[in-house]
Amino acid sequence: MNPDILLDCALPGTDRAPGLPTFEGGGSVAHFLAQISRAQQPPALKLLRSAAILGVCGRAGFEPPLRDVPPLADAGAEPEPAARAALLEQVLEQPTQRLVHEALSRMAAAKLCIPTPLLRQALDLGAKTAALRDAVTRVLGARGRWLALQDASWSYARSAADGDDAAKWNFGSLQQRTDVLQRQRQCAPDAARARLLDGIKQQPPGERAVLLGTLRVNLSLRDEPDLQKLLSDRKHEPRRVVVGLLASLPQSAFAQRMQFRLATLLKKKKGLFGGSWEIDPPERFEEGWKSDGLLSEKPAGQPLGERAWWLLQLVASTQPAWWCEHTGLSPDKLVRWAAQGLWADSLIGGWLQALEVMDAPGWPQALLLHAREQDQRRARDMLMQRISASEQDAAWLRQLASDGAISVAQSVLDCPTGQSVSAALSKALVAGLLGEYAQEKNAWYTHLILPHTLPEIVCVLDPGALGPLQNLPVPERAGASIQKALRQTQTNIQIRLAFPAWIATAPDSTPPEHTAP
């Protein structure tokens, strides 16, 4: 049975869908569905009744007609097939998502579209791999957007065909829905918040956290009442985002409460050179803390003591900038002070958690430079995403000197898809990898990690630094999986080195909307 006929009602939710579809030419089945559509019943019940009828009839071989799809408008002359399409076909078959994303992004930047023979393959790839859906929809062109209407499994691309924000919000990917909210927050923040809160509890926790993060755009005290209600979310990830939003409003009641609680624990001890600051964790879990999202009992596996656990939560729920305002100390001095004290785990751990959901200029740099080594190791990737590219390079070069190339290679893999590291760092990292590869090619560590991660690593490095990694020798006694990984590495390198010429030779005579590589 083709489920396409009910998909537009099920995806956005029956309360927001325009109504159950009907169709002609279905005989008794169409008659029964029309009766259900007119019945005075809850929309969800009508959807389930329709699905039951279509399901039973489908077992008997009945196929409802496809959704009404407008004919394809004149899309202009199709360019002649070229050798360039062969490289794109090869790219779409590769298992490395970064490579596919780079190819599609380069096409979008050059205003190229996927040629018609490869549209089905590209749409299927987006259906299987959520991380590539946005990249695919940007290069579908008119034919691709029309084709996406023909199959329910390509519904992720329908918002590209429909074009308006309502369709993207109802049917789009998580990234597309996030984009809709961010745009609306810029011009109509209250309406965007209302759209977000409508059905937010039905979203998976991870998606709730991402969508709630859009409230950072034009965040104001008008958002406070609804955010306070969301503190009761039982899932940690969205609740932490709400805490970060409220803490980022210094005048919110939540932020004021957290700041007061910490201020009562933080005292300045008199002495030479202006004295020093001391902090004493809370003696008990106070009434009212639970309503602000704090937990009295430690989660399983939490090594901190009870008082240290309460202190960590208070620190994690307070904007780090408050510490500078209250003490008059810079982030660097505060991190050094905390690292030398008895409650370093609570203070530094709390600041790291705060930075996951709040913006605090100067703090990521201070923690990378002055936090204890064990703290830097567990949070380096998160901190690296919150500093500038030049600061990232400096931090990675320090890590390269202290931990070696393989450690840095694993770190750079956390770069967002579509982002690469600088040419200077890429050259230094390639030199380090080659050195470690030559020295340890028979060691278990290199055997298990380096060859298997190289296909991804070469897609993060600057293409100009990839030359020395071509024709990398296979380690002695290498197993079949390592040989396969090294072959994939060479394929990825060759494809990336071919990209500039591939894009540069795109035909100029075909309109951008319909140009195929």
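**Buried positions and core packing in a predicted model**

With a relative accessibility of 0%, Val458 counts as buried, since the cut-off for burial is under 20% relative accessible area. In this predicted model, Val458 is placed in the loop that lies between helix H27 (450–457) and helix H28 (480–504). Not counting residues up to four places away in sequence, the contacts of Val458 are with Leu466, Leu469, Thr489, Asn492, Ile493 and Arg496. For Arg496, which is 38 residues from Val458 in sequence, the C-alpha to C-alpha distance is 8.9 Å.

A second buried position is Arg240, found in helix H15 (residues 236–247). Its relative accessibility is 12%, and Arg240 therefore counts as buried. When residues up to four places away in sequence are not counted, Arg240 touches Ala316, Ser317, Gln353, Ala354 and Val357. Of these partners, Ala354 is 114 residues from Arg240 along the chain, and the C-alpha atoms of the two residues are separated by 8.7 Å.

Burial in helix H12 (residues 189–197) involves Ala192, Arg193 and Leu196. Because these buried residues fall within an arc of 100° when seen down the axis of H12, they line one face of the helix. Helix H12 is followed by Gly199, a residue with a positive phi near 85°.

With respect to the protein as a whole, the secondary structure comprises 28 helices and two strands, and 46% of the 517 residues count as buried. Contacts between residues at least 6 apart in sequence join, in 67% of cases, residues that are at least 24 apart. The exposed surface amounts to about 25400 Å², of which 53% is supplied by carbon and sulfur atoms.

The largest nonpolar core contains 118 residues, and those with the most contacts inside it are Ile114, Trp323, Trp351 and Leu367. In soluble globular proteins, nonpolar side chains tend to be buried together. Trp323 touches Leu262, Leu266, Ile279, Val315, Gly328, Leu334, Trp337, Leu347, Trp351 and Trp363, again not counting residues up to four places away in sequence.

As regards confidence, the mean pLDDT of the protein is 83, and 84% of its residues reach 70 or more. Over residues 507–517, however, the pLDDT is below 50, although this stretch has 32 contacts in the model beyond near neighbours in sequence. Where pLDDT is low, the predicted coordinates should not be read in detail.

Conventions. Residues numbered from 1 in each chain as written. Predicted model: local features only at pLDDT ≥ 70, side-chain atom pairs only at ≥ 80, totals over all residues. Heavy atoms only, no water. pLDDT = per-residue confidence, 0-100. Contact = heavy atoms within 4.5 Å. Core = buried A, V, L, I, M, F, W, Y, C linked by side-chain atoms within 4.5 Å. Buried < 20%, exposed > 50% of the residue type's maximum accessible area, 1.4 Å probe, protein only. Helix = DSSP H or I, 4+ residues; strand = E, 2+ residues; numbered from the N terminus. Arc of directions from axis to C-beta. Areas by Shrake-Rupley, 256 points an atom, 1.4 Å probe, with all protein chains shown as cover.
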